[in-house]
Amino acid sequence: MRKRDTILTTDQKALAVNLDKFKYGSIVEIGAGQEVARRFFQVGAAAGTIAKTMSAYDMAVSDDIYGHVDRYVSRARLLQMLDKEFTQVVDRLAHIRPKNTTFFAYAATVTARSFKQKNECHGWIGVRLQLHPGAAPSDVILHVRMLDDTNAQQSEALGILGVNLIHGAFFHHDQPEWIVEGLGDGLTPERIEVDLIHFSGPYFEEVENRLMNLHLIRSWLTRAVVFNPDGEVVVPGELFYRKPVMVMRGSFKPVTCVNVDMMASGLKQFSQLAAVDETSILQLAEITMNSLISGDNVDGADFLARVDLLTSQGYTVMISDYVRFFRLRAYLRRYTQKPIGIVLSVRDFNFLFDEKYYEGLEGGILEAFGKLFPDNTHVYVYPSRPTGAQPDELVTLDNVQVPENLRHLLAHLVTNKKLVAVHPHDDGHLHIDVTEVLQGLRRGRGDWETNVPDAVARRIIDSRLLGFDTE
């Protein structure tokens, strides 16, 4: 089995492209210098690779070249750049270059660290390339966040990333996971975050983009990826911007009626906050990576099934590697200053108030709760009915048991409305156990169908999801 070469330096990658006399194209960069082009020039032999480099910084000049766009740092502008540059290099040079030339265009439009202010530093980069002489082009597009403190450092990081992208797209197009993994070569997670990747074109028709975005997390290029209710990967910063967010964490294997009721009950309480516009609340179902991993592997079909079932219920879905709640809150707070709500079952108090869960934090559980509730964040606690209990025997926020030394902490959080009790819309769902539902559906049709939304049951049965057995 082939293994990806992980020891190539940025210069070695650039030189490998330069020494291949049949790879030829343009590099255009707006917003952080021309660091990608510089990388190819400095290693030598670039005359055999680069037809043109350009940086159209002035907006009027940029519009004159590429056409008008509402936002200059956007996917739309990137696609305009790729369209123009790739078409131009092919039209001008296909008839005079060797017949087995494969043409490409690399483009980037970013906003890097400003001289005057600490702005959000992000951008869109991509490469359009032929993977066979004369073939229709294929694209790899990324959204990136630049995390370095200075413009010079961010430009350097983008130069490394751009070389990684061009090299990976040409040399590993038959292994798209390697393209993803190679993006981080020569970089650290503290410098660059890639929170969206999209493959398209004839050589990537079989690529499942949702799995490739999941691989961004596995490759330490981002901590989370987000899917809108249409199942499309989206840029978190654009989705969460200035919106109140209500989060429900779970395994959702599958999503059940109790999950739906939990979200609805939490939303009822959350929408009563003065700072919350009920019409703008984003309903987020979040799954942690550790619930997707079996051994060292991710079950792709299982992952896609869970995303499909959640989006069918109108939820936005986030996959993250944030095990602790306060890190999830900090991630969302990057993008919105509106209230954040987290709804969870009282059953989760077993680990929420387990001090072992916070080992490694200098301040332990107090530090964790301090970071979870610094501002405009509330946790909504949904009741449960223990197995075998009578209908009126509920465990709620009012009677839940926590270790004796933490009872005053619990009382403090309740008194200050950091932990808020929610009441079920339909307490007839409280008996549902997701493990039993999963076991039932794997035996075929049965009582489990009444414990999940009708649309979810139909999808599971029709598409044989999550191991549904028709035998």
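**View 1. Helix H14 and its buried leucines.** In this predicted model, helix H14 covers residues 407-415, and within this helix Leu409, Leu410 and Leu413 are buried. When one looks down the axis of H14, the buried residues fall within an arc of 100°, so they line one face of the helix. These buried residues pack against three elements, namely helix H12 (349-352), helix H13 (364-372) and strand S16 (419-421). His408 and Thr415, by contrast, are exposed and sit on the face of H14 that is turned away from its buried side. Just after the helix comes lysine 417, which takes a positive phi of about 60°.

**View 2. The open sheet and its two edges.** Strand S16, against which the buried residues of H14 pack, also belongs to an open sheet of eight strands, whose order is S8-S7-S13-S10-S9-S14-S15-S16 and whose pairing is mixed. Strand S8 (233-234) and S16 stand at the edges of this sheet and have a single partner strand each, so one side of each is left without a neighbour in the sheet. Elsewhere in the sheet, strand S10 (residues 282-288) pairs with strand S13 (residues 316-320) in the parallel sense, over five bridges. Within this pair, isoleucine 287 stands opposite isoleucine 319 in S13.

**View 3. The largest pocket and its lining.** The largest pocket holds about 610 Å³ of space. It is lined by 29 residues, and those closest to its centre are Arg249, Gly250, Ser251, Asn259 and Asp348. Strand S9 (245-249), helix H9 (257-270) and strand S14 (340-345) are the elements that give two or more residues to this lining. Sorted by character, the lining residues of the largest pocket comprise 16 nonpolar, nine polar and four charged.

**View 4. Glycine 266 in helix H9.** Glycine 266 lies in helix H9, an element that also contributes to the lining of the largest pocket. The relative accessible area of glycine 266 is 0%, which is under the 20% limit, and this residue is therefore counted as buried. Leaving aside residues up to four places away in sequence, glycine 266 touches Met246, Val343 and Val422. Methionine 81 offers a marker for distance, since glycine 266 and methionine 81 are 185 residues apart in sequence and 45 Å apart in space, C-alpha to C-alpha.

**View 5. Strand S3 between its partners S1 and S4.** Nine of the ten residues of strand S3 (residues 102-111) are buried, so this strand is largely enclosed by the rest of the structure. Eight bridges join S3 to strand S1 (residues 23-30), and these two strands run parallel; here isoleucine 27 has tyrosine 106 in S3 as its bridge partner. Eight bridges also join S3 to strand S4 (residues 122-129), but in this pair the strands run antiparallel, and alanine 108 stands opposite isoleucine 125 in S4.

**View 6. Helix H2 and the elements it packs against.** Helix H2 spans residues 35-42, and its buried residues are Glu35, Val36, Ala37, Arg39 and Phe40. These residues pack against both strands and helices, namely helix H1 (10-18), S1, strand S2 (50-54), S3 and helix H5 (151-171). Two of these elements, S1 and S3, are the parallel partners joined by eight bridges in the previous view. After H2 comes glycine 44, whose phi is positive and near 95°.

Terms used:
Residues are numbered from 1 along each chain as its sequence is written. This is a predicted model: local features need pLDDT of at least 70, side-chain atom pairs count only at pLDDT 80 or more; totals for chains, interfaces and linings use all residues. Side-chain values use heavy atoms; hydrogens and water are left out. Buried means under 20% relative accessible area, exposed over 50%, partly exposed in between (1.4 Å probe, protein chains only). Helices (H or I, at least four residues) and strands (E, at least two) are DSSP runs, numbered from the N terminus. Two strands pair if DSSP finds at least two bridges between them. The arc is that of the directions from the helix axis to the C-beta atoms. Contact means heavy atoms within 4.5 Å. On a 1 Å grid over the protein atoms alone, a cavity is a set of points where a 1.4 Å probe fits but cannot get out, and a pocket is an open set with protein on both sides within 12 Å along at least five of seven lines; lining residues have an atom within 4 Å of a point. Grid points are joined across faces, edges and corners, and a volume is the space filled by probe spheres set on the points. Ala, Val, Leu, Ile, Met, Phe, Trp, Tyr, Cys and Pro count as nonpolar, Asp, Glu, Lys and Arg as charged, and the others, Gly among them, as polar.
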